Amino acid sequence: MSALLTDAPAAARRPASGVAVDRLAVSVYRVPTDAPEADGTLSWTATTLVLVQAVAGDHQGLGYSYTDASAARLVRELLAEQVVGRDALDVPAAWQAMAVATRNLGRPGIVASAIAAVDTALWDLKARLLDVSLVALLGAVRDSIEVYGSGGFTSYDDARLREQLGGWADDGLRRVKMKVGSDPADDPRRVRLARQAIGPEVALMVDANGAYARKEALALAEAFAEQRVDWFEEPVSSEDLAGLHLVRDRAPAGMAVAAGEYGYDLPEFRRMLEAEAVDVLQADATRCGGFTGFLRVAALCAARSLPLSSHCAPALHLHVDCAAPNMVHAEYFHDHVRIEELLFDGVQRPRDGVLRPDRSRPGMGLDLRRADAARFEVAA
C-alpha cells in the first residue's frame, strides 16, 4: 500500500495539542416535506439528515449529511474508531484515516456521505476549540455569498410555482431555480409561467436532473433561452460526460451548463473538468467528503479558472463558501432551508440576496434544538 493510503502509526494518534476527540454521537432525523415533491427523475415526501456530534472535553462540534439512515451505522461501527483518540486539531489526518478504513467498501454514495458528516463535525469542533468562527479558521475570501432560491418542483401546480418563485423574487433574491424534466412537452410553458412570476430582472435557472436525452436537451435549451434562462443544470445525466459536453458546446449564448452535485471523490470531478463538460462546477460537501473534500474540489476549479457553486445544505456550506476561491453562489434549497431552520439555532437568512456568516459565533454557529428535533428522530 502506498504511503498516501497507509494509516498513521499508533504513536501519531497521541494528540500533540493535548486535546483528543473523546467520542462521536450519531442521530438521524427524517423530516416530511410540506408538500409532495418531484424533479425530472425522482419524487419524495421526506428528507433524512444524519447528524454527527464530535466531542472533545467540554466542547462539541456538529456536522451532518443529507443521506440514508444507513450512514449512521457506518459512522458508529467503523468511522468512529478511526477518529476517537486523534488530535482534535488534525482534521485532515482523521479524514485520511476514514478514507483508508473504507477502501474496500467503495467511496461513492453512503461512504462519502458518512465521512462528510464526521468531517464537517470535526471542522466545527476545531473552530469551537479555538473559539473562532469556521470562516475565520479557514480564512475568508469574501464576507458573503449570493444565494439563489431553489425549488419549483415538477409536482407543484401553477399557483404553487408562481407563489414560491415569485416570493423569492419579492424577498430580494436575484436568482431562482426550478425543476424541469417530468413532462418535457409542458416544460416551455412552465418556464414561461416562472418568468412571468419573477419579472424581467431576476435570473431564471432550470434543473433537469438528467432527465433529457441529448438532442431533446438541445431543443429545450432553445425554448428556455426565449425566457432568458441562463443556467441549465444536468440537461443530461452526469454520467454522460460526452452528452454534457455536447450541450455545453451547442447551448445558446449566455446559457451556462452546470453539473457535479453527484460527485463523491476528486477523480470524479477531475474527469468532469477534463471532459470540458460544464461551464460551472457544482459540489456538495455532504457528498464529496465534507469540508476537506469540498476545498479540494475548489482547488481543482481554481487551477482551471472555473466557477464553483455549492449544492443544497445552505447553512452547512455558508462558512466554507466564503472561504473557497472561485465561488459564484450557493443553492438556497427549499427542503433544506426548512429542515435547518426546524433543527438548528443560528441559521442565517438572506438579506439583499446574500448570506453572511455570523463571525460572533464559534464554528458554523449552529446548535441543535434538541426538543424541537426529537419529534423527527428515527432509529438507525
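**Group meeting talk: cavities, pocket and loops of a predicted model**

Let me begin inside the protein, at its second largest cavity, where α11 and α12 each supply at least two residues of the lining. I should say at once that we are looking at a predicted model. The largest share of this lining, three residues, comes from α12. The residues that line the second largest cavity are Pro314, Ala315, Tyr332, Val337, Glu340, Glu341, Val347, Gln348 and Leu355. By class, six of these lining residues are nonpolar, one is polar and two are charged. The volume of the second largest cavity is about 40 Å³.

The structure holds three cavities of 30 Å³ or more, and I turn now to the largest of them. The largest cavity has a volume of about 50 Å³. Around the largest cavity stand Ala315, Leu318, His319, Gly346, Val347, Gln348, Asp358, Met364 and Leu366. That lining consists of five nonpolar residues, three polar residues and one charged residue. Please note Ala315, which lines the largest cavity and also lines the second largest cavity. Val347 and Gln348 likewise appear in the lining of the largest cavity and in that of the second largest.

This brings me to α11 itself. How many of the residues of α11 are buried? The count is 10 of 10, so α11 is largely enclosed by the rest of the structure. The buried residues of α11 include Ala315, Leu318 and His319, the three that I have just named in the lining of the largest cavity. Pro314 is another buried residue of α11, and Pro314 lines the second largest cavity.

Just ahead of α11 there is a loop, running between β10 (308-310) and α11 (314-323), and Cys312 is found in it. Phi of Cys312 is near 60 degrees, a positive value in a residue that is not glycine. Is Cys312 buried or exposed? Its relative accessible area is 5%, which is under the 20% cut-off, so Cys312 counts as buried.

A second residue with positive phi may be set beside Cys312. Glu276 sits in the loop between α9 (266-274) and β9 (280-283). Phi of Glu276 is near 50 degrees, again a positive value in a residue other than glycine. Glu276 has a relative accessibility of 46% and therefore counts as partly exposed.

I come next to Val180, a further loop residue. Val180 is placed between β5 (175-179) and α6 (187-198). Its relative accessibility is 0%, so Val180 counts as buried. Which residues is Val180 in contact with, leaving aside its neighbours within four places in sequence? They are Gly40, Thr154, Asp187, Arg190, Val191, Val206, Asp207, Ala208, Tyr212 and Phe224. As a distance for orientation, the C-alpha atoms of Val180 and Ala253 are separated by 20 Å, and these two residues lie 73 residues apart along the chain.

Let me move to the largest pocket. About 690 Å³ of space lies in it. Of the 32 residues that line the largest pocket, Leu42, Trp44, Tyr66, Arg287 and His336 are the closest to its centre. Which elements each supply at least two residues of this lining? They are β2 (43-56), α3 (110-129), β11 (327-333) and α12 (334-343). The largest share, five residues, comes from β2. In terms of residue class, the lining of the largest pocket divides into 10 nonpolar, 12 polar and 10 charged residues. The helix α12 thus has a part in the lining of the largest pocket and in that of the second largest cavity.

Finally, I step back to the chain as a whole. The protein chain contains 13 helices and 15 strands. Its radius of gyration is 20 Å, close to the 21 Å that the globule rule gives for 380 residues, so the chain is as compact as a globular protein of that length. The C-alpha trace spans about 65 × 45 × 40 Å along its principal axes. Of the 380 residues in the protein chain, 56% are buried. Among contacts between residues at least 6 apart in sequence, 72% join residues at least 24 apart. The accessible surface of the chain comes to about 15000 Å², and carbon and sulfur atoms account for 49% of it.

How values were computed. Residues are numbered from 1 along each chain as its sequence is written. This is a predicted model: local features need pLDDT of at least 70, side-chain atom pairs count only at pLDDT 80 or more; totals for chains, interfaces and linings use all residues. Side-chain values use heavy atoms; hydrogens and water are left out. On a 1 Å grid over the protein atoms alone, a cavity is a set of points where a 1.4 Å probe fits but cannot get out, and a pocket is an open set with protein on both sides within 12 Å along at least five of seven lines; lining residues have an atom within 4 Å of a point. Grid points are joined across faces, edges and corners, and a volume is the space filled by probe spheres set on the points. Helices (H or I, at least four residues) and strands (E, at least two) are DSSP runs, numbered from the N terminus. Ala, Val, Leu, Ile, Met, Phe, Trp, Tyr, Cys and Pro count as nonpolar, Asp, Glu, Lys and Arg as charged, and the others, Gly among them, as polar. The radius of gyration is taken over C-alpha atoms; the globule rule is 2.2 Å times the number of residues to the power 0.38. Buried means under 20% relative accessible area, exposed over 50%, partly exposed in between (1.4 Å probe, protein chains only). Contact means heavy atoms within 4.5 Å. Accessible areas come from the Shrake-Rupley method with a 1.4 Å probe; for residues, only the protein chains shown count as cover.
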